[in-house]
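This is a walk through one part of a protein model, taken step by step. Please keep the sequence and the structure in view while reading.

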Amino acid sequence: MILSMTGYGKAESQIENRKLTVEIRSLNSKSMDLNMRLSPQLREYEHDIRTLLNQRLERGKVDVSIALEDPTQNGTQMFTPINKEAFRYYYRELRALQDEHDMPHGDLTAAILRMPDVLVKSEEQTLGEEDKKAVINTVEQAIEAFRAFRIQEGKALEAMFREKLDGIEQLLGEVEPYEKGRVEKIRKHLIQNLDKLAEETKQRVDQNRLEAEMIYYLEKLDITEEKVRLTNHLHYFRETMDGDGTGVGKKLGFIAQEMGREINTLGSKSNQSEMQILVVKMKDILEQIKEQVLNVL
(Lines give C-alpha, C1' and ligand atoms only; values in the text may rest on other atoms or scores of the structure.)
Protein backbone atom coordinates (compact mmCIF):
# COMPACT_ATOMS: atom_id res chain seq x y z
CA MET A 1 0.00 0.00 0.00
CA ILE A 2 1.30 3.44 -0.89
CA LEU A 3 0.46 6.75 0.76
CA SER A 4 0.17 10.13 -0.91
CA MET A 5 2.14 13.07 0.45
CA THR A 6 -0.87 15.27 -0.30
CA GLY A 7 -3.21 15.22 2.68
CA TYR A 8 -5.75 17.09 4.81
CA GLY A 9 -7.05 16.40 8.29
CA LYS A 10 -9.14 18.35 10.79
CA ALA A 11 -10.30 17.78 14.38
CA GLU A 12 -12.15 19.90 16.93
CA SER A 13 -12.70 19.67 20.68
CA GLN A 14 -13.74 21.75 23.68
CA ILE A 15 -11.35 22.85 26.40
CA GLU A 16 -13.60 24.15 29.16
CA ASN A 17 -15.61 26.82 27.36
CA ARG A 18 -13.11 27.26 24.54
CA LYS A 19 -13.08 25.68 21.08
CA LEU A 20 -9.87 24.02 19.86
CA THR A 21 -9.46 23.48 16.10
CA VAL A 22 -6.55 21.56 14.56
CA GLU A 23 -6.01 21.54 10.78
CA ILE A 24 -3.21 19.74 8.92
CA ARG A 25 -2.41 20.20 5.22
CA SER A 26 0.51 18.83 3.20
CA LEU A 27 2.06 18.80 -0.25
CA ASN A 28 5.02 16.83 -1.60
CA SER A 29 8.56 17.57 -0.44
CA LYS A 30 11.87 15.68 -0.40
CA SER A 31 12.01 15.92 3.40
CA MET A 32 9.88 16.98 6.34
CA ASP A 33 9.12 20.70 6.09
CA LEU A 34 6.85 21.56 9.02
CA ASN A 35 5.27 25.00 9.46
CA MET A 36 3.11 25.55 12.56
CA ARG A 37 0.74 28.34 13.56
CA LEU A 38 -0.37 28.19 17.19
CA SER A 39 -2.56 30.37 19.37
CA PRO A 40 -0.34 32.11 21.93
CA GLN A 41 -1.82 30.06 24.82
CA LEU A 42 -0.50 26.88 23.18
CA ARG A 43 3.12 27.98 22.67
CA GLU A 44 4.33 26.00 25.68
CA TYR A 45 3.13 22.80 23.98
CA GLU A 46 4.86 23.52 20.66
CA HIS A 47 7.82 21.19 21.24
CA ASP A 48 5.61 18.21 22.14
CA ILE A 49 3.26 18.85 19.23
CA ARG A 50 6.11 19.28 16.76
CA THR A 51 7.75 16.04 17.94
CA LEU A 52 4.47 14.15 17.54
CA LEU A 53 3.88 15.52 14.04
CA ASN A 54 7.44 14.72 12.90
CA GLN A 55 7.08 11.13 14.10
CA ARG A 56 3.67 10.46 12.58
CA LEU A 57 3.73 12.43 9.32
CA GLU A 58 7.25 11.40 8.22
CA ARG A 59 7.65 13.55 5.08
CA GLY A 60 6.09 16.41 3.11
CA LYS A 61 5.60 20.16 3.16
CA VAL A 62 3.20 20.28 6.10
CA ASP A 63 1.20 23.29 7.34
CA VAL A 64 -0.45 22.94 10.76
CA SER A 65 -2.89 25.40 12.31
CA ILE A 66 -3.98 25.02 15.95
CA ALA A 67 -6.43 27.69 17.09
CA LEU A 68 -8.01 28.18 20.52
CA GLU A 69 -11.16 30.30 20.32
CA ASP A 70 -13.30 31.89 23.02
CA PRO A 71 -17.02 31.78 22.16
CA THR A 72 -17.65 34.72 24.47
CA GLN A 73 -15.51 36.79 22.08
CA ASN A 74 -17.66 36.01 19.00
CA GLY A 75 -15.55 32.97 18.08
CA THR A 76 -12.31 34.91 17.64
CA GLN A 77 -9.04 33.46 18.80
CA MET A 78 -7.85 34.27 22.30
CA PHE A 79 -4.90 36.62 22.26
CA THR A 80 -2.18 37.26 24.80
CA PRO A 81 -2.15 40.86 26.10
CA ILE A 82 0.85 43.06 25.32
CA ASN A 83 2.70 44.73 28.18
CA LYS A 84 2.85 48.19 26.62
CA GLU A 85 5.33 49.57 29.14
CA ALA A 86 7.76 46.73 28.47
CA PHE A 87 7.27 47.16 24.71
CA ARG A 88 8.05 50.90 24.90
CA TYR A 89 11.11 50.25 27.08
CA TYR A 90 12.62 47.71 24.67
CA TYR A 91 11.82 49.97 21.71
CA ARG A 92 13.65 52.95 23.26
CA GLU A 93 16.68 50.84 24.21
CA LEU A 94 17.01 49.13 20.81
CA ARG A 95 16.51 52.39 18.91
CA ALA A 96 19.18 54.06 21.05
CA LEU A 97 21.59 51.22 20.22
CA GLN A 98 20.86 51.65 16.51
CA ASP A 99 21.60 55.37 16.73
CA GLU A 100 24.73 54.81 18.80
CA HIS A 101 26.18 52.36 16.27
CA ASP A 102 24.87 54.20 13.21
CA MET A 103 22.65 51.28 12.20
CA PRO A 104 19.69 51.60 9.81
CA HIS A 105 16.29 51.93 11.50
CA GLY A 106 14.42 48.73 10.69
CA ASP A 107 11.12 47.36 12.01
CA LEU A 108 11.71 46.18 15.58
CA THR A 109 8.23 44.80 16.30
CA ALA A 110 8.97 41.11 15.74
CA ALA A 111 12.15 41.26 17.82
CA ILE A 112 10.48 43.13 20.71
CA LEU A 113 7.55 40.70 20.90
CA ARG A 114 10.06 37.91 21.62
CA MET A 115 11.57 39.82 24.55
CA PRO A 116 10.82 38.73 28.13
CA ASP A 117 7.61 40.01 29.75
CA VAL A 118 6.28 41.70 26.58
CA LEU A 119 3.53 39.11 26.13
CA VAL A 120 1.81 38.38 29.44
CA LYS A 121 -0.70 35.61 30.04
CA SER A 122 -3.61 36.19 32.33
CA GLU A 123 -4.72 33.49 34.76
CA GLU A 124 -7.75 32.81 32.56
CA GLN A 125 -5.49 31.99 29.64
CA THR A 126 -3.23 29.56 31.49
CA LEU A 127 -3.87 25.93 30.59
CA GLY A 128 -3.45 23.03 32.99
CA GLU A 129 -2.09 19.51 32.59
CA GLU A 130 -5.51 18.10 31.66
CA ASP A 131 -5.83 20.79 28.99
CA LYS A 132 -2.49 19.71 27.54
CA LYS A 133 -3.75 16.14 27.26
CA ALA A 134 -6.86 17.41 25.47
CA VAL A 135 -4.73 19.41 23.02
CA ILE A 136 -2.46 16.43 22.22
CA ASN A 137 -5.49 14.15 21.85
CA THR A 138 -7.09 16.56 19.37
CA VAL A 139 -3.85 16.76 17.39
CA GLU A 140 -3.78 12.94 17.23
CA GLN A 141 -7.38 12.90 15.96
CA ALA A 142 -6.41 15.36 13.21
CA ILE A 143 -3.42 13.15 12.33
CA GLU A 144 -5.72 10.11 11.99
CA ALA A 145 -8.04 12.04 9.66
CA PHE A 146 -4.99 13.27 7.76
CA ARG A 147 -3.60 9.74 7.34
CA ALA A 148 -7.00 8.48 6.14
CA PHE A 149 -6.88 11.15 3.44
CA ARG A 150 -3.34 10.10 2.47
CA ILE A 151 -4.46 6.46 2.21
CA GLN A 152 -7.37 7.41 -0.05
CA GLU A 153 -5.14 9.49 -2.31
CA GLY A 154 -2.55 6.70 -2.29
CA LYS A 155 -5.11 4.22 -3.63
CA ALA A 156 -5.87 6.56 -6.53
CA LEU A 157 -2.14 6.89 -7.27
CA GLU A 158 -1.67 3.13 -7.13
CA ALA A 159 -4.50 2.55 -9.62
CA MET A 160 -2.92 5.09 -11.97
CA PHE A 161 0.53 3.50 -11.66
CA ARG A 162 -0.80 0.02 -12.43
CA GLU A 163 -2.58 1.32 -15.52
CA LYS A 164 0.61 3.03 -16.75
CA LEU A 165 2.77 -0.04 -16.03
CA ASP A 166 0.34 -2.20 -18.00
CA GLY A 167 0.65 0.31 -20.84
CA ILE A 168 4.45 0.03 -20.94
CA GLU A 169 4.22 -3.75 -20.74
CA GLN A 170 1.80 -3.84 -23.68
CA LEU A 171 4.06 -1.62 -25.79
CA LEU A 172 7.04 -3.81 -24.92
CA GLY A 173 5.13 -6.81 -26.24
CA GLU A 174 4.41 -4.96 -29.48
CA VAL A 175 8.16 -4.56 -30.06
CA GLU A 176 8.71 -8.32 -30.57
CA PRO A 177 7.26 -8.71 -34.12
CA TYR A 178 9.37 -5.82 -35.39
CA GLU A 179 12.42 -7.20 -33.59
CA LYS A 180 12.28 -10.56 -35.41
CA GLY A 181 11.83 -9.01 -38.84
CA ARG A 182 14.46 -6.41 -38.14
CA VAL A 183 17.32 -8.93 -37.75
CA GLU A 184 16.60 -10.61 -41.06
CA LYS A 185 16.17 -7.26 -42.78
CA ILE A 186 19.55 -6.07 -41.49
CA ARG A 187 21.23 -9.32 -42.58
CA LYS A 188 19.86 -9.04 -46.14
CA HIS A 189 20.78 -5.38 -46.34
CA LEU A 190 24.39 -6.07 -45.30
CA ILE A 191 24.79 -8.98 -47.75
CA GLN A 192 23.39 -6.91 -50.64
CA ASN A 193 25.79 -4.07 -49.91
CA LEU A 194 28.76 -6.42 -49.63
CA ASP A 195 27.84 -8.20 -52.88
CA LYS A 196 27.65 -4.83 -54.59
CA LEU A 197 31.03 -3.88 -53.13
CA ALA A 198 32.52 -7.19 -54.34
CA GLU A 199 31.32 -6.54 -57.90
CA GLU A 200 32.82 -3.09 -57.90
CA THR A 201 36.18 -4.13 -56.43
CA LYS A 202 36.33 -7.57 -58.14
CA GLN A 203 37.21 -9.07 -54.77
CA ARG A 204 35.20 -11.68 -52.95
CA VAL A 205 34.46 -11.25 -49.27
CA ASP A 206 35.74 -13.87 -46.85
CA GLN A 207 32.53 -15.64 -45.82
CA ASN A 208 33.86 -16.78 -42.47
CA ARG A 209 34.93 -13.23 -41.61
CA LEU A 210 31.59 -11.93 -42.88
CA GLU A 211 29.64 -14.28 -40.62
CA ALA A 212 31.78 -13.37 -37.61
CA GLU A 213 31.38 -9.61 -38.20
CA MET A 214 27.67 -9.99 -38.84
CA ILE A 215 27.15 -11.90 -35.60
CA TYR A 216 29.07 -9.21 -33.72
CA TYR A 217 27.03 -6.44 -35.35
CA LEU A 218 23.67 -8.14 -34.73
CA GLU A 219 24.59 -8.82 -31.10
CA LYS A 220 25.17 -5.09 -30.65
CA LEU A 221 21.58 -4.49 -31.83
CA ASP A 222 20.06 -7.29 -29.75
CA ILE A 223 17.55 -5.96 -27.19
CA THR A 224 16.79 -9.17 -25.31
CA GLU A 225 18.62 -8.08 -22.14
CA GLU A 226 16.92 -4.68 -22.15
CA LYS A 227 13.51 -6.30 -22.50
CA VAL A 228 14.20 -8.71 -19.63
CA ARG A 229 15.51 -5.97 -17.33
CA LEU A 230 12.59 -3.65 -18.14
CA THR A 231 10.12 -6.45 -17.43
CA ASN A 232 11.86 -7.09 -14.09
CA HIS A 233 11.68 -3.39 -13.21
CA LEU A 234 7.94 -3.34 -13.97
CA HIS A 235 7.46 -6.33 -11.68
CA TYR A 236 9.59 -4.77 -8.91
CA PHE A 237 7.62 -1.50 -9.14
CA ARG A 238 4.37 -3.39 -8.53
CA GLU A 239 5.96 -5.45 -5.76
CA THR A 240 7.19 -2.29 -4.02
CA MET A 241 3.72 -0.73 -4.13
CA ASP A 242 2.34 -3.82 -2.38
CA GLY A 243 4.88 -3.57 0.45
CA ASP A 244 4.75 -1.56 3.66
CA GLY A 245 7.22 0.77 5.31
CA THR A 246 8.63 4.23 4.86
CA GLY A 247 10.52 5.63 1.88
CA VAL A 248 8.35 3.84 -0.71
CA GLY A 249 8.14 6.99 -2.83
CA LYS A 250 11.93 7.33 -3.04
CA LYS A 251 12.31 3.65 -3.92
CA LEU A 252 9.69 3.94 -6.67
CA GLY A 253 11.59 6.96 -7.99
CA PHE A 254 14.81 4.93 -8.23
CA ILE A 255 12.99 2.10 -10.03
CA ALA A 256 11.46 4.56 -12.49
CA GLN A 257 14.96 5.89 -13.25
CA GLU A 258 16.17 2.37 -14.04
CA MET A 259 13.15 1.80 -16.26
CA GLY A 260 14.13 4.95 -18.12
CA ARG A 261 17.65 3.63 -18.72
CA GLU A 262 16.34 0.45 -20.35
CA ILE A 263 13.80 2.32 -22.48
CA ASN A 264 16.51 4.75 -23.65
CA THR A 265 18.75 1.82 -24.62
CA LEU A 266 15.88 0.26 -26.54
CA GLY A 267 15.54 3.52 -28.42
CA SER A 268 19.25 3.75 -29.24
CA LYS A 269 19.24 0.18 -30.60
CA SER A 270 16.04 0.60 -32.59
CA ASN A 271 16.71 1.26 -36.26
CA GLN A 272 13.13 0.87 -37.37
CA SER A 273 10.63 3.70 -37.28
CA GLU A 274 7.90 1.43 -35.90
CA MET A 275 10.05 0.42 -32.93
CA GLN A 276 11.10 4.00 -32.29
CA ILE A 277 7.44 5.08 -32.19
CA LEU A 278 6.77 2.43 -29.53
CA VAL A 279 9.78 3.62 -27.53
CA VAL A 280 8.53 7.23 -27.66
CA LYS A 281 5.17 6.08 -26.32
CA MET A 282 6.93 4.22 -23.48
CA LYS A 283 8.89 7.36 -22.59
CA ASP A 284 5.71 9.42 -22.52
CA ILE A 285 4.04 6.99 -20.09
CA LEU A 286 7.17 6.80 -17.94
CA GLU A 287 7.29 10.60 -17.61
CA GLN A 288 3.72 10.54 -16.30
CA ILE A 289 4.78 7.92 -13.74
CA LYS A 290 7.82 9.95 -12.65
CA GLU A 291 5.70 13.07 -12.20
CA GLN A 292 3.26 11.30 -9.88
CA VAL A 293 5.93 9.34 -7.97
CA LEU A 294 6.94 12.69 -6.46
CA ASN A 295 3.60 12.65 -4.58
CA VAL A 296 4.24 9.26 -2.96
CA LEU A 297 5.30 9.21 0.69
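The paragraphs below treat two helix pairs and then a pocket.

The model is a predicted one. Two packed helices are described by the angle between their axes and the distance between the axes. Start with helix 6, which covers residues 224–242, and helix 7, which covers residues 248–269. Their axes lie 9 Å apart and make an angle of about 160°. An angle over 145 degrees counts as roughly antiparallel, and helix 6 and helix 7 are therefore roughly antiparallel to each other. Their crossing is left-handed.

Which residues make this contact? From helix 6 come E226, K227, R229, L230, H233, L234, Y236, F237, T240 and M241. From helix 7, the residues include V248, K251, L252, I255, E258 and M259. Sorted by class, the contact of helix 6 with helix 7 has 11 nonpolar, seven charged and three polar residues.

Helix 7 also packs against helix 8, here at an angle of about 165° and with the axes 10 Å apart. That angle makes helix 7 roughly antiparallel to helix 8. The crossing of helix 7 with helix 8 is left-handed. On the helix 8 side, the contact consists of V279, M282, K283, L286, K290 and V293. Among the helix 7 residues that meet them are G249, G253, G260 and G267, along with A256, Q257 and N264. By class, the contact of helix 7 with helix 8 has nine nonpolar, six polar and two charged residues.

The last topic is empty space. Rolling a probe the size of a water molecule over the atoms shows where such space is left. The largest pocket holds about 340 Å³. Its lining is made up of 15 residues, and G249, K250, G253, V293 and L294 lie nearest its centre. Helix 7 and helix 8, the latter spanning 273–293, are the elements that give two or more residues to this lining. Which of the elements gives the most? Helix 7 does, with six residues. The lining has six nonpolar, five polar and four charged residues.

Two residues link the last two topics: G249 and G253 of helix 7 take part in the contact with helix 8, and both are among the residues nearest the centre of the largest pocket.

Technical notes
Residues numbered from 1 in each chain as written. Predicted model: local features only at pLDDT ≥ 70, side-chain atom pairs only at ≥ 80, totals over all residues. Heavy atoms only, no water. Axes fitted to C-alpha atoms, helices over the stretch in contact; angles between N-to-C directions. Helix = DSSP H or I, 4+ residues; strand = E, 2+ residues; numbered from the N terminus. Parallel < 35°, antiparallel > 145°, perpendicular 65-115°, else oblique. Left-handed = near helix turned anticlockwise from the far one by under 90°. Contact = heavy atoms within 4.5 Å. Nonpolar A, V, L, I, M, F, W, Y, C, P; charged D, E, K, R; others polar. 1 Å grid on protein atoms, 1.4 Å probe; cavity = no way out; pocket = protein on both sides within 12 Å on 5 of 7 lines; lining within 4 Å. Points joined across faces, edges and corners; volume = space filled by probe spheres on them.
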